[in-house]
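Here is a friendly walk through a protein model for anyone meeting it for the first time. Have a look at the sequence and the structure, then read on.

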Amino acid sequence: MPALTRRRFSLLLPALGALLLSGCTGEAPPAPAADAPEADAPAPAAAGVVNVYSHRHYDADKQLFAQFEAETGITVRVVKAGADALIERMVSEGASSPADLLITADAGRLVRADAKGLLQPVDSPTLTAAVPAHLRHPAGHWFGLTKRARVLVYDTERVKPDELSTYAALTEPQWKGRVLVRSSANMYNQSLLASMIAHDGEEAAKAWAEGLVANLARPPKGSDRDQMKAVAAGVGDVAIVNTYYVGLLLNSEVPEERAIGERMGVFFPDQGGRGAHVNVSGAGVTRHAPNRDNAVKLLEFLVSDEAQAVFARANYEYPVKEGVPVGDLLESWGTFQADDLPLSELGAHQEAAVRVFDAAGWR
Ligand code: FE
């Protein structure tokens, strides 16, 4: 790292410390040696740190970062915020940004960060071997770490799985007033619609969005988990959600949430067609990473068999790496055909997706 950048980074540390204390509550790894630094504590040696800007909000990540710290001695410092806020922060920090690795819950945001010149190429045989080509940037600007399928869940007492088939079929008259989905501001929905635009064009995507809005049980609100709660409460019968949220409900500490999870059936749409829409949570090394080598090490750790299994078993996501055991729950949902659209395409159609949602009146 150039001397100037290093000096700027050390000037930034007090601010970063304050940010860490406010921004990553509950994120301090359990190992005593890895406590979150006090704002005025001496900074660990630059070689011993990796600064992560992450949109992800799952306990599995805490577990993995602690494991990485234990194995490598490298301290993982996490700043958590929404992907758009992190991207804006990196833009304003410019070359003095302390961020080494940007982690998002959606390929579209990685494409957006890359379009702003915030990421850099990484040439790692470990990463290219572990992550299939359609789930990473061709020049290594970002890599998918976990796959998430956006599927249909249904109330097993009111809906039979053979009534379901495709995303498109949810616009048919028999689903009037029965469909639940979150707001169009949500990036998972934006990527789903972006995939439809990539495959079928903007007009077809708009017709689908209008048809879906016409069948909604209520105006879009809440999270994916909230859609399932509404299904269980009888507000609607079928919802569009990411699979791992079913796993998180089933394994909740709250008995009512477990009961809701147990009512849900998981249906992979568009089998025999182009497959269920799949997105990734992924990461890219930042353009000005002060700790580039550590960022690459963390990425490589996150695609190890061990880490991929944690994503599957602790957060119910699908590994990007082939051959990693996924655990009983994911196995119980069965194998499925996934849309293999290159994820870079999702980013390319994200803006159009927002426009289409607006035109269709999907709030
Ligand atoms: Fe999520």
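## The overall picture

Of the chain's 363 residues, 55% count as buried. Keep in mind that this is a predicted model. The chain holds 15 helices and 9 strands.

Plenty of its contacts reach a long way along the sequence. Take the contacts between residues at least 6 apart: 78% of them join residues at least 24 apart.

## The iron site

Which residues coordinate the iron ion? Tyr58, Tyr188, Tyr244 and Tyr245 do the job, each through its OH atom, at 2.0 to 2.1 Å. The angles among the 4 donor atoms run from 86 to 131 degrees, and the site is tetrahedral. It counts as such because all the angles lie between 85 and 135 degrees.

Along the chain, the donors are spaced as Y-x129-Y-x55-Y-Y. Tyr58 sits in the loop between strand S1 (49–54) and helix H2 (59–72), while Tyr245 belongs to helix H9 (residues 243–250), so this pair ties together parts that are 187 residues apart in sequence. Tyr58 is buried, at a relative accessible area of 4%, and Tyr245 is buried too, at 5% relative accessibility.

## Arg56 and its neighbours

The loop between S1 and H2 is also where you'll find Arg56. Is Arg56 buried or exposed? With a relative accessible area of 4%, Arg56 is buried.

The side chain of Arg56 makes a polar contact of 2.8 Å with the side chain of Glu317. Leaving out residues up to four places away in sequence, Arg56 touches a whole list of others, including Asp61, Lys80, Thr104, Arg148, Phe311 and Asn315.

## The nonpolar core

In soluble globular proteins, nonpolar side chains tend to be buried together. Here, the largest nonpolar core has 109 residues, and Trp208 and Leu298 are the ones with the most contacts inside it.

What does Trp208 contact, beyond its neighbours within four places in sequence? The list is Tyr167, Ala168, Thr171, Leu192, Leu193, Met196, Ile240 and Trp362.

## A buried strand

Strand S7 (residues 264–267) has Met264 and Val266 pointing one way and Gly265 and Phe267 the other, and all of them are buried. In a regular strand the side chains alternate between the two faces of the sheet.

S7 runs antiparallel to strand S4 (residues 143–155), and 4 bridges join the two. Standing opposite Phe267 of S7 is Leu152.

Key. Residues numbered from 1 in each chain as written. Predicted model: local features only at pLDDT ≥ 70, side-chain atom pairs only at ≥ 80, totals over all residues. Heavy atoms only, no water. Core = buried A, V, L, I, M, F, W, Y, C linked by side-chain atoms within 4.5 Å. Buried < 20%, exposed > 50% of the residue type's maximum accessible area, 1.4 Å probe, protein only. Contact = heavy atoms within 4.5 Å. Donors = N, O, S within 2.8 Å, 3.2 Å for Na, K, Ca; no water. Tetrahedral: all angles 85-135°; square planar, octahedral: opposite > 155°, others 65-115°. Polar contact = N/O pair within 3.5 Å; in protein donor to acceptor, adjacent residues only side chain to side chain. Pairing = 2+ DSSP bridges.
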